[in-house]
Amino acid sequence: MTLAPVFDITRDTSRHIAFGAGPHFCAGAAASRALVAEVALPLLSDRFPGLTLNGPVRFHGWAFRGPLSVPVHWGT
């Protein structure tokens with residue numbers, strides 16, 4: 001007799017590789033963060049002096065997490 005698999009919504013998925021954890025985490029994640037932090041943001045601040053955050057940045061998403069909006073003020 002073979003038992004059918006049971007879906008358990010409460011199971012621990014923290015170490016499951018399908019969710020990009022452990023050694024199977026995206027290899028490009030660190031490179032993309034470094035590109036934004038070390039290239040894009042410095043270029044943005046050089047090009048637009050006086051650009052500052054003007055409110056909370058709201059993030060959304062699970063697999064493709066990112067900001068929904070980035071309110072800024074461009075002044076001196």
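The exercises below, each with a worked solution, concern a predicted model of a protein.

**Exercise 1. Confidence**

Determine how the predictor's confidence is distributed over the protein and its elements.

Solution. Start with the whole chain: the mean pLDDT of the protein is 81, and 79% of the residues reach at least 70. Next, take the elements one by one. Helix H1, residues 29-47, has the lowest mean pLDDT among them, 87. The highest, 93, belongs to strand E4, residues 72-74. A caution applies to the remainder: where pLDDT is low, the predicted coordinates should not be read in detail.

**Exercise 2. Architecture and surface**

State the order of the elements, then describe burial, contacts and surface for the protein.

Solution. First, count the elements: there are one helix and four strands. Read from the N terminus, their order is α-β-β-β-β. Second, turn to burial. With under 20% relative accessible area as the cut-off, 4% of the 76 residues are buried. Third, consider contacts with a separation of 6 or more: 15% of these join residues 24 or more positions apart. Finally, the accessible surface is about 7000 Å², and carbon and sulfur atoms contribute 65% of that surface.

**Exercise 3. The aromatic pair**

Find the aromatic pairs, classify the geometry, and explain what is linked in sequence.

Solution. Begin with the count, which is one aromatic pair. The partners are Phe48 and Trp74, with ring centres 5.0 Å apart and planes at 85°. Since an angle over 60 degrees counts as edge-to-face, that is the class of the Phe48–Trp74 pair. Now place the residues: Phe48 is in the loop between H1 and strand E1 (51-53), and Trp74 is in strand E4, so the pair ties together parts 26 residues apart in sequence.

Then check exposure. Phe48 has 27% relative accessibility and is therefore partly exposed. Trp74, at 56%, is exposed. One further group belongs to this site: the charged end of Arg47 sits over the ring of Phe48, at 5.4 Å from the ring centre.

**Exercise 4. Leu53**

Is Leu53 buried or exposed, and which residues does Leu53 touch?

Solution. Locate the residue: Leu53 belongs to strand E1. Its relative accessible area is 57%, so Leu53 is exposed. Leaving out residues up to four places away in sequence, Leu53 touches Val70, Pro71 and Val72. For Val72, the distance can be given: its C-alpha atom is 4.4 Å from that of Leu53, although 19 residues separate the two along the chain.

How values were computed:
Residues numbered from 1 in each chain as written. Predicted model: local features only at pLDDT ≥ 70, side-chain atom pairs only at ≥ 80, totals over all residues. Heavy atoms only, no water. Helix = DSSP H or I, 4+ residues; strand = E, 2+ residues; numbered from the N terminus. Buried < 20%, exposed > 50% of the residue type's maximum accessible area, 1.4 Å probe, protein only. Contact = heavy atoms within 4.5 Å. Areas by Shrake-Rupley, 256 points an atom, 1.4 Å probe, with all protein chains shown as cover. pLDDT = per-residue confidence, 0-100. Phe/Tyr/Trp six-rings, centres within 6.5 Å; stacked < 30°, edge-to-face > 60°. Lys NZ or Arg CZ within 6 Å of the ring centre and 35° of its normal.
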